[in-house]
Amino acid sequence: MITACFFLSGCENDDKVIQAMGKKKVQVDEGKNISSYMSTGGNIRAHLTAPLMLNYRTDSPYVEFPKGLHVDFFKDSLITESVTTAKYSKYLQNDQKVLLRDSVVVYNKLTGDTLRTQLLWWDQAKGIFYTDLPVDVYIKANDQVLHGENGLTALQNFSKWTLHKTTGTMIVPGDLHP
């Protein structure tokens with residue numbers, strides 16, 4: 001009888017202890033003044049810089065750039081083809097996708113074309129940008145701005161893109177002008 005009472009009293013746990021056991025602590029690595037090069041087959045493909053990087057090691061790991069980032073994409077290891085900037089970014093490692101948010105700009109240095117939006121996804125595996133939010137695209141060759149009301153899909157170097165539900169006047173090569 002004394003043994004049974006001992007086991008019964010030993011099974012009682014404090015609620016706070018139980019709750020603390022159920023919570024996993026997230027490990028966060030912090031880096032400041034980040035400069036990272038990404039390469040494929042020995043060729044530099046991109047150079048990322050950021051003032052702050054937070055690397056969350058969880059079941060679904062992600063890297064956050066809460067103070068923004070700047071990425072130079074290279075045509076080859078020497079020529080910068082395009083530049084991407086945003087005030088906030090989050091890289092979802094398992095999905096190989098990057099969320100770019102707040103004052104997002106993608107600039108093609110070879111053509112001078114510029115994309116501006118408030119939210120943009122970058123799918124690294126497919127090499128594309130996409131969004132369903134409004135975008136503005138400045139086309140330097142024609143000195144015009146096109147508006148995509150429902151976003152766009154573009155190659156990551158911004159050499160080819162498609163606007164969704166376009167508004168604006170577009171000058172098409174070969175148009176006759178009176």
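In this predicted model, the side chains of D29 and R57 come together in a salt bridge, with 3.0 Å from N to O. D29 belongs to strand β1, which covers residues 27–40, while R57 belongs to strand β2, residues 43–57, so the contact ties together parts that sit 28 residues apart in sequence. Neither partner is hidden away: D29 has a relative accessibility of 33% and counts as partly exposed, and R57, at 45%, is partly exposed too.

A search through the whole structure turns up 3 salt bridges. Another of them joins the side chains of K32 and E30, with an N to O distance of 3.7 Å. Here both K32 and E30 are exposed. There is also a salt bridge between the side chains of E149 and K165, again listed at 3.7 Å from N to O. This pair of E149 and K165 links distant parts of the chain, 16 residues apart. E149 is found in the loop between β11 (144–148) and β12 (152–155), and K165 in the loop between β13 (161–163) and β14 (166–167). As for how open these two are to the surroundings, E149 counts as partly exposed at 30% relative accessibility, whereas K165 is exposed, with a relative accessible area of 54%.

Turning to the rings, the structure holds 3 aromatic pairs. Y56 and Y62 make a stacked one, at 4.4 Å centre to centre and with 15° between the planes. That angle is under 30 degrees, which is why the pair counts as stacked. Both Y56 and Y62 are buried. F73 and W122 meet in another way: their ring centres are 5.1 Å apart and their planes stand at 85°, so this pair is edge-to-face. F73 is part of strand β4 (residues 69–74) and W122 is part of strand β8 (residues 114–123), so the pair ties together stretches 49 residues apart in sequence. F73 is buried, with just 4% relative accessibility, and W122 is buried as well, at 7%. The story of these two rings goes a step further, since ring pairs link F73, W122 and F129 into a cluster.

Charges turn up over rings too. Y62, already met as the stacking partner of Y56, has the charged end of K90 sitting over its ring, 4.3 Å from the ring centre. The ring of Y62 therefore takes part in two kinds of contact, a stacked pair with Y56 and a charge from K90 placed over it. A similar arrangement involves R101, whose charged end sits over the ring of Y88 at 4.0 Å from the centre.

Out on the surface, L78, I79 and L110 make a nonpolar patch of about 330 Å². Within this patch, I79 has its place in the loop between β4 and β5 (80–86). I79 is partly exposed, with a relative accessible area of 39%. Strand β4, which comes before that loop, is also where F73 lies, and F73 is buried at 4%.

Technical notes: Residues numbered from 1 in each chain as written. Predicted model: local features only at pLDDT ≥ 70, side-chain atom pairs only at ≥ 80, totals over all residues. Heavy atoms only, no water. Phe/Tyr/Trp six-rings, centres within 6.5 Å; stacked < 30°, edge-to-face > 60°. Buried < 20%, exposed > 50% of the residue type's maximum accessible area, 1.4 Å probe, protein only. Helix = DSSP H or I, 4+ residues; strand = E, 2+ residues; numbered from the N terminus. Lys NZ or Arg CZ within 6 Å of the ring centre and 35° of its normal. Patch = residues over 30% accessible without salt bridge, like charges linked within 9 Å, V, L, I, M, F, W, Y side chains within 5 Å. Areas by Shrake-Rupley, 256 points an atom, 1.4 Å probe, with all protein chains shown as cover. Salt bridge = Lys/Arg side-chain N within 4 Å of Asp/Glu carboxyl O.
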